[in-house]
Amino acid sequence: MQLKKRAASLVAAGALVGGSLIGLSAPEASAADVCDYSYIIRNNSTGYGYFQGATTLYVLPYAACGKQGTFVSGTKFAYWCYVINDYGNKWIFGRITGTDTKGWVHDPYVSWTEGTLNYC
């Protein structure tokens with residue numbers, strides 16, 4: 001009888017542990033979720049940089065949310081501000097120098113040349 005109770009306890013504990021492990025896993029953000037965000041964008045930085053290779057400018061700081069266009073390596077990008085998205089990636093909002101084209105660039109694709117880059 002004691003053995004049956006222990007076995008039942010172990011099965012119940014395993015179910016609880018398994019359930020809590022599943023419950024602890026972070027839900028994946030879907031494209032629909034992240035593309036519904038809105039951001040307060042401030043032009044509070046003085047910095048600029050240049051695109052490292054062909055670089056895509058995005059509508060929001062997620063690749064799944066639409067593109068403004070892809071620009072050639074060496075395009076000058078004036079920084080406005082940055083955010084850290086739900087995936088922990090740094091994205092910079094700014095403007096293609098000499099144009100009215102604005103959007104988000106994933107940080108590794110643009111160099112920092114000089115000036116400041118502040119949080120949005």
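Which backbone oxygen does the side chain of S45 reach at 2.8 Å? In this predicted model, the partner is the backbone oxygen of W80.

Let's look at S45 a little longer. S45 sits in the loop between α2 (31-34) and β1 (48-50). With a relative accessible area of 10%, S45 is under the 20% cut-off, so this serine counts as buried. Leaving out residues up to four places away in sequence, S45 touches Y79, W80, C81, T116, L117 and N118. Its polar partners are listed here:

| Group on S45 | Partner | Distance |
|---|---|---|
| S45 side chain | N44 side chain | 3.3 Å |
| S45 side chain | W80 backbone oxygen | 2.8 Å |

Now to the nonpolar interior. The largest nonpolar core has 9 residues: F51, L57, F77, Y79, I92, I96, V105, V110 and L117. Two elements, β4 (76-84) and β5 (90-96), each give two or more residues to this core. Another core lies apart from it, with 8 residues that include Y58, V83, F93 and W104. I92 is a good residue to follow through the model: beyond its neighbours up to four places away in sequence, I92 touches F77, Y79, C81, Y82, G103, W104, V105, D107, V110 and L117.

Stepping back to the whole protein, there are 2 helices and 6 strands, in the order α-α-β-β-β-β-β-β along the sequence. Of the 120 residues, 29% count as buried. Among contacts between residues at least 6 apart in sequence, 58% join residues at least 24 apart. The protein exposes about 7,500 Å², and carbon and sulfur atoms supply 58% of that area.

Notes:
Residues are numbered from 1 along each chain as its sequence is written. This is a predicted model: local features need pLDDT of at least 70, side-chain atom pairs count only at pLDDT 80 or more; totals for chains, interfaces and linings use all residues. Side-chain values use heavy atoms; hydrogens and water are left out. A nonpolar core is a set of buried Ala, Val, Leu, Ile, Met, Phe, Trp, Tyr and Cys residues joined through side-chain atoms within 4.5 Å. Buried means under 20% relative accessible area, exposed over 50%, partly exposed in between (1.4 Å probe, protein chains only). Helices (H or I, at least four residues) and strands (E, at least two) are DSSP runs, numbered from the N terminus. Contact means heavy atoms within 4.5 Å. Accessible areas come from the Shrake-Rupley method with a 1.4 Å probe; for residues, only the protein chains shown count as cover. A polar contact is a pair of N or O atoms within 3.5 Å; within protein, one must be able to donate a hydrogen and the other to accept it, and residues adjacent in sequence count only if both atoms are side-chain atoms.
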